[in-house]
Amino acid sequence: ESFRAAKMAYRQLKICVRETLSLGHSGPESLEDTVLDYIVSHEDLYDVQASVNEVILSMNMNPRISFLPKIDFIVISTLIRELCYVAFLMQTLCPPLNIAFGTDGELFNENKYHRSFDSDFTATLVAYHVWPALMENDIVIVKGEAVTKR
């Protein structure tokens, strides 16, 4: 959720910056390069707290994630904030880094994941993801970790 929220915020910021800079853009660099340079040098324009709030709201509404009634995801808001910030910065790289979004119950992919030590090594479906794979242009840079169970 943190990566999704940060990617959406990056896209929105990029659109706003592009619209603003396109009015008076001239120079040797392309508009896209100028936009990226501007975002990198003004990363404080990223409203990380809005992303954190969006992530917490989304996680609270997810029926698959459960906490005790007295506990809220605000408890881990510092972690969520850092994940959002890292995900935002990953978008400013050329080419941008991404994570592989997995779904529980997907077919285990040896190219994207290592099996966790407590996995059933004969199972073919992912029970849950421990860590996502790091991707660049749809190519796996670092394998993630997944648990397979029957």
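How are helix 1 and helix 2 oriented to each other? They are oblique to each other. Angles under 35 degrees count as roughly parallel, over 145 as roughly antiparallel, 65 to 115 as roughly perpendicular, and the rest as oblique.

Some ground rules. This is a predicted model, where local features need pLDDT of at least 70 and side-chain atom pairs count only at pLDDT 80 or more, while totals for chains, interfaces and linings use all residues. Residues are numbered from 1 along each chain as its sequence is written, and side-chain values use heavy atoms, with hydrogens and water left out. Helices (H or I, at least four residues) and strands (E, at least two) are DSSP runs, numbered from the N terminus.

Back to that helix pair. Helix 2 covers residues 31–41. Its axis and that of helix 1 come within 9 Å and cross at roughly 120 degrees. Axes here are lines fitted to C-alpha atoms, for helices over the stretch in contact, and angles run from 0 to 180 degrees between N-to-C directions. The crossing of helix 1 and helix 2 is right-handed. That term applies if the near helix is turned clockwise from the far one by less than a right angle; anticlockwise is left-handed.

Who touches whom? Contact means heavy atoms within 4.5 Å. From helix 1, the residues include Tyr 10, Leu 13, Val 17 and Leu 21. On the helix 2 side, Leu 31, Val 35, Tyr 38 and Ile 39 are among them. By class, this contact has 9 nonpolar, 2 polar and 3 charged residues. Ala, Val, Leu, Ile, Met, Phe, Trp, Tyr, Cys and Pro count as nonpolar, Asp, Glu, Lys and Arg as charged, and the others, Gly among them, as polar.

Next, helix 4. Helix 1 (residues 2–22) packs on helix 4 (residues 77–91) at about 45 degrees, with the axes 8 Å apart. That makes helix 1 oblique to helix 4. This crossing is right-handed. Phe 3, Ala 6, Tyr 10 and Leu 13 are among the helix 1 residues here, and they meet a set in helix 4 including Ile 80, Leu 83, Ala 87 and Phe 88. The residues of this contact divide into 10 nonpolar, 2 polar and 1 charged.

Now the rings. Rings of Phe, Tyr and Trp (its six-membered ring) pair if their centres lie within 6.5 Å; planes under 30 degrees apart count as stacked, over 60 as edge-to-face and the rest as tilted. The count comes to 2 aromatic pairs. One of them is Tyr 10 with Phe 88: centres 5.6 Å apart, planes at 70 degrees, so edge-to-face. Tyr 10 lies in helix 1 and Phe 88 in helix 4, so the pair ties together parts 78 residues apart in sequence.

On to the strands. Two strands pair if DSSP finds at least two bridges between them. An open sheet of 3 strands has the order 2-6-3, with mixed pairing. Its edge strands are strand 2 (113–115) and strand 3 (126–131). Strand 3 runs antiparallel to strand 6 (residues 144–148), joined by 4 bridges. Val 126 has Thr 148 as its bridge partner in strand 6.

Then the hairpin. Strand 4 (residues 134–136) and strand 5 (residues 139–142) are antiparallel, with 3 bridges. Leu 134 partners Val 142. The hairpin has 2 residues between its strands. Asn 137, in that loop, has a positive phi of about 55 degrees although it is not a glycine.

Last item. A cis peptide bond joins Cys 94 and Pro 95, with omega about -10 degrees. Pro 95 is in the loop between helix 4 and strand 1 (97–99).
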